[in-house]
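Please open the structure in your viewer and keep the sequence panel visible. The stops below are arranged so that each selection leads to the next.

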Amino acid sequence: MKDSSDALIHEIIDDYQCPFTVPEVHGFFTGLVLSNISNIALDKKILTFMDIDEDSLSKSRRLIDCIQSEIKSSNLNIKTGKDTDYKAIFSSLAEWTYYFLISFQKPDSSKNVDNRVIEILDVFDEISQLNQKYKVDDDNDVNKESLNDIHDFIEKSVQYIFNKKDDK
């Protein structure tokens, strides 16, 4: 059976007592996929930040490969919870982007800086603060439209960063 990112995330959380939520783990590993760091640095970052042991590295690498495949095939799916619990969905998106920002590493060279990527990261920073700066609207249609827009922006942005990384 082919691995799915959702199944691997749950296995990492359950099997290795990872203290983070599904959106946090998914965002963190997606950020790693889009970073240009060595395997040694990647392993160190996973072990240090995720607070899991070395036994998890094999599954962590499979998760990275799985997320990379999903992005390549334009099938990245950010899990956000039940469709009508808008507060929980906003929270999931905030967690996802926050942990993405923690793990994502921009290229070191200033000549490789893409202003659009910088703008995306600025918007991700704003999304990561949804719980602190914004409140759920009383109008569920507005909530649904806003969440769809945010979700689409995240997915398209991840695709853009991935494609820019592949171009180099």
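Begin with Gln17, which counts as exposed because its relative accessibility is 60%. The model is a predicted one. Gln17 sits in the loop that runs between helix H1 (5-15) and helix H2 (22-33). Inspect its backbone: phi is positive, at about 50°, although the residue is not a glycine. Most residues other than glycine have a negative phi.

Next, select Ser74, where a positive phi of about 55° is found, again in a residue that is not a glycine. Ser74 belongs to the loop between helix H4 (57-72) and helix H5 (86-103). With a relative accessibility of 52%, Ser74 counts as exposed.

**The cysteines**

Return to the loop region and select Cys18 together with Cys66. How many disulfides does the structure contain? The count is zero. A disulfide requires two cysteine sulfur atoms within 2.5 Å. The cysteine sulfur closest to that of Cys18 belongs to Cys66 and is 16 Å away, too far for a bond. Seen from Cys66, the closest cysteine sulfur is likewise that of Cys18, at 16 Å. Cys18 is buried, with 6% relative accessible area, and Cys66 is buried as well, at 10%.

**The salt bridges**

Side chains of opposite charge can pair when their charged atoms come close. The structure holds five salt bridges, and several of them merit a separate selection.

Select Lys59 and Asp15 and display their side chains. The closest N and O atoms of this salt bridge are 3.1 Å apart. Lys59 is in helix H4 and Asp15 in helix H1, so the pair ties together parts that are 44 residues apart in sequence. Are the two partners buried or exposed? Lys59 counts as buried, at 13% relative accessibility, whereas Asp15 is partly exposed, with a relative accessible area of 43%. Now add Glu11 to the selection: Glu11, Asp15 and Lys59 are linked in a network of salt bridges.

Stay on helix H4 and move to Arg61. The side chain of Arg61 meets that of Asp43 in a salt bridge, with an N to O distance of 2.5 Å. Asp43 lies in helix H3 (residues 39-50) and Arg61 in helix H4, so this pair ties together parts that are 18 residues apart in sequence. Arg61 is partly exposed, with a relative accessible area of 38%, while Asp43 counts as buried at 14%.

Then select Lys133 and Glu126, which form a salt bridge whose closest N and O atoms are 3.2 Å apart. Lys133 is partly exposed, at 46% relative accessible area, and Glu126 also counts as partly exposed, at 28%.

**Helix H7 and the acidic surface**

Select Asn131, which is found in helix H7. Asn131 is partly exposed, with a relative accessible area of 42%. Draw a C-alpha to C-alpha distance from Asn131 to Ile118: these residues are 13 apart in sequence and 22 Å apart in space.

For the last stop, follow the chain to Asp138, in the loop between helix H7 (130-133) and helix H8 (140-167). At 79% relative accessibility, Asp138 counts as exposed. Which residues form the negative surface patch? Select Asp137, Asp138, Asp139, Asp141, Glu145, Asp149 and Asp152 and show them as a surface to view the patch.

Note on methods:
Residues numbered from 1 in each chain as written. Predicted model: local features only at pLDDT ≥ 70, side-chain atom pairs only at ≥ 80, totals over all residues. Heavy atoms only, no water. Patch = residues over 30% accessible without salt bridge, like charges linked within 9 Å, V, L, I, M, F, W, Y side chains within 5 Å. Areas by Shrake-Rupley, 256 points an atom, 1.4 Å probe, with all protein chains shown as cover. Salt bridge = Lys/Arg side-chain N within 4 Å of Asp/Glu carboxyl O. Lys, Arg positive; Asp, Glu negative; His and termini not counted. Charge placed at Lys NZ, Arg CZ, Asp CG, Glu CD. Helix = DSSP H or I, 4+ residues; strand = E, 2+ residues; numbered from the N terminus. Buried < 20%, exposed > 50% of the residue type's maximum accessible area, 1.4 Å probe, protein only.
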